[in-house]
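Work through the exercises below with the sequence and the model open. Try each task before you read its solution.

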Amino acid sequence: RRLFGGENSVGRSLRIEDREFRVVGVLEPWRPLPNFYEPDDDVFDAVEEIFMPFRFGEEWRIRTWGNTSNWKPYGDGYEDFLQSEAVWIQMWVQLDTLEQRERYMDFLDAYAEEQKKSGRFERPINNKLRDVMAMLVELEVVSDQIKAFLIIGVLFLLICSVNLIGILLGKFLARAPEVGVRRALGASRRSVFVQLLVECELIGVVGGMLGLGLSVIGLELLDVLYGSRADLRPDWSMFLAALALSLIAASGAGVYPAWRICRIHPAHHLKIQ
């Protein structure tokens, strides 16, 4: 959009430093969070703006910008670097079936055995295939601080639910005479119980909407705090999960107060009235 004014740029030329490139495709807005394909660096960095074929690196002797680790000296030239023991390539594969996974694992083991025969890979073979989520867990991409925030959030929700039980119990007991009259006029315990639970769910919906509004504001503040690196944005799944959680919390908090008020015999309130 910035370089070509929003027009179709496929097939157009783009000059980068002293070389011209031809655009072969344009990605839709793509923002994985965290950047799973580059876990060794800052996983909350912005996505790269340009992707090039991998072979360009060798042809033009371009070093990668990502992480490079080694246990032996590289040497001086680019060819020495390519022939070294440096780890600088991260390869991803798509394996749709268990059979594909097993065949690829056999390929990796056979490659490692071949390299061991030539004098490389002195340690025992320990090849592993992990999916994206398992790899992020293995590399501890989610810090302990984030986990602590999650635990604090859950405990805060439990405390609020316990307080809500007390508030609803007092509210329903104050309406005990009304419930007694309704029961005496023929209303069943079940109908009264369902009505009180519906009221609790309405409270949960209102509380959930207020909580979502505060969450959006909090995410905006975090985005400003981290300099828009995290690009924190709620999606529809998060909205639906938050509403579902608020409904579950409201129903859990309202079951005991509603059951308690329905257990009181109508005659007790009619005598008082």
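**Exercise 1. A pair within one helix**

Is E59 buried, partly exposed or exposed, going by its relative accessible area? Then find its charged partner.

Solution.
- Start with the status of the coordinates: this is a predicted model.
- Take the accessibility. E59 has a relative accessible area of 49%. Exposed would need over 50%, and buried under 20%. E59 is therefore partly exposed.
- Look for the partner. The side chain of E59 forms a salt bridge with that of R55, at 3.1 Å from N to O.
- Check the cut-off. A salt bridge needs the nitrogen within 4 Å of the carboxyl oxygen.
- Place the pair. Both R55 and E59 belong to helix α1, residues 55-60. Four residues separate them, about one turn of the helix.

**Exercise 2. A pair across the chain**

Which residue forms a salt bridge with R61, and how far apart are the closest N and O atoms?

Solution.
- The partner is E79, with the closest N and O atoms 3.4 Å apart.
- Now locate both ends. R61 sits in the loop between α1 and α2, while E79 is in helix α2. They are 18 residues apart, and the pair links distant parts of the chain.
- Compare each value with the cut-offs. R61 has 47% relative accessibility, so it counts as partly exposed. E79, at 41%, also counts as partly exposed.
- Add the backbone of R61. Its phi is near 55°, a positive value in a residue other than glycine.

**Exercise 3. A second positive phi**

Where is E17 found, and what is its phi?

Solution.
- E17 is in the loop between β1 (13-16) and β2 (19-22).
- Its phi is positive, about 55°, although E17 is not a glycine.
- Assess the cover. E17 reaches 74% relative accessibility, so it counts as exposed.
- Turn to another charged pair. E20 and R15 form a salt bridge, with 3.8 Å between the closest N and O atoms. Both E20 and R15 are exposed.
- Put the pairs in context. The count of salt bridges comes to eight.
- Recall the principle: side chains of opposite charge can pair when their charged atoms come close.

**Exercise 4. A serine in a loop**

What does the side chain of S84 reach, and which residues beyond its sequence neighbours is S84 in contact with?

Solution.
- Place S84. It lies in the loop between α2 (78-83) and α3 (98-117).
- Judge its burial. S84 has 16% relative accessibility, so it counts as buried.
- Find the polar partner. The side chain of S84 reaches the backbone nitrogen of A86 at 3.3 Å.
- List the other contacts. With neighbours within four places in sequence set aside, S84 is in contact with N70 and Y74.

**Exercise 5. Two glutamines in a helix**

Q100 and Q115 both lie in helix α3. Which is buried and which is partly exposed?

Solution.
- Take Q115. At 14% relative accessibility, Q115 counts as buried.
- Take Q100. At 32%, Q100 counts as partly exposed.
- List contacts, leaving out residues up to four places away in sequence. Q115 touches R120 and F121. Q100 touches Q94 and L95.
- Span the chain. Q100 and R1 are 99 residues apart along the chain, and their C-alpha atoms are separated by 40 Å.

**Exercise 6. A nonpolar patch**

Which residues form a nonpolar patch on the surface, and what is their accessible area together?

Solution.
- The residues are F54, I89, M91, V93 and L95. Together they have about 500 Å² of accessible area.
- Focus on L95. This residue lies in the loop between α2 and α3.
- Apply the patch cut-off. Membership needs over 30% relative accessible area. L95 has 31% and is partly exposed.

**Exercise 7. How far to trust the model**

Where in the chain is confidence lowest, and where is it highest?

Solution.
- Begin with the whole chain. The average pLDDT is 83, and 94% of the residues score at least 70.
- Then go by element. Confidence is lowest in helix α9 (residues 266-272), at a mean of 65. Confidence is highest in α3, at 93.
- Apply the rule: where pLDDT is low, the predicted coordinates should not be read in detail.

Technical notes. Residues are numbered from 1 along each chain as its sequence is written. This is a predicted model: local features need pLDDT of at least 70, side-chain atom pairs count only at pLDDT 80 or more; totals for chains, interfaces and linings use all residues. Side-chain values use heavy atoms; hydrogens and water are left out. Helices (H or I, at least four residues) and strands (E, at least two) are DSSP runs, numbered from the N terminus. Buried means under 20% relative accessible area, exposed over 50%, partly exposed in between (1.4 Å probe, protein chains only). A polar contact is a pair of N or O atoms within 3.5 Å; within protein, one must be able to donate a hydrogen and the other to accept it, and residues adjacent in sequence count only if both atoms are side-chain atoms. Contact means heavy atoms within 4.5 Å. Patches are made of residues with over 30% relative accessible area and no salt bridge: like charges are joined within 9 Å, nonpolar side chains (Val, Leu, Ile, Met, Phe, Trp, Tyr) within 5 Å. Accessible areas come from the Shrake-Rupley method with a 1.4 Å probe; for residues, only the protein chains shown count as cover. pLDDT is the predictor's confidence in each residue, from 0 to 100.
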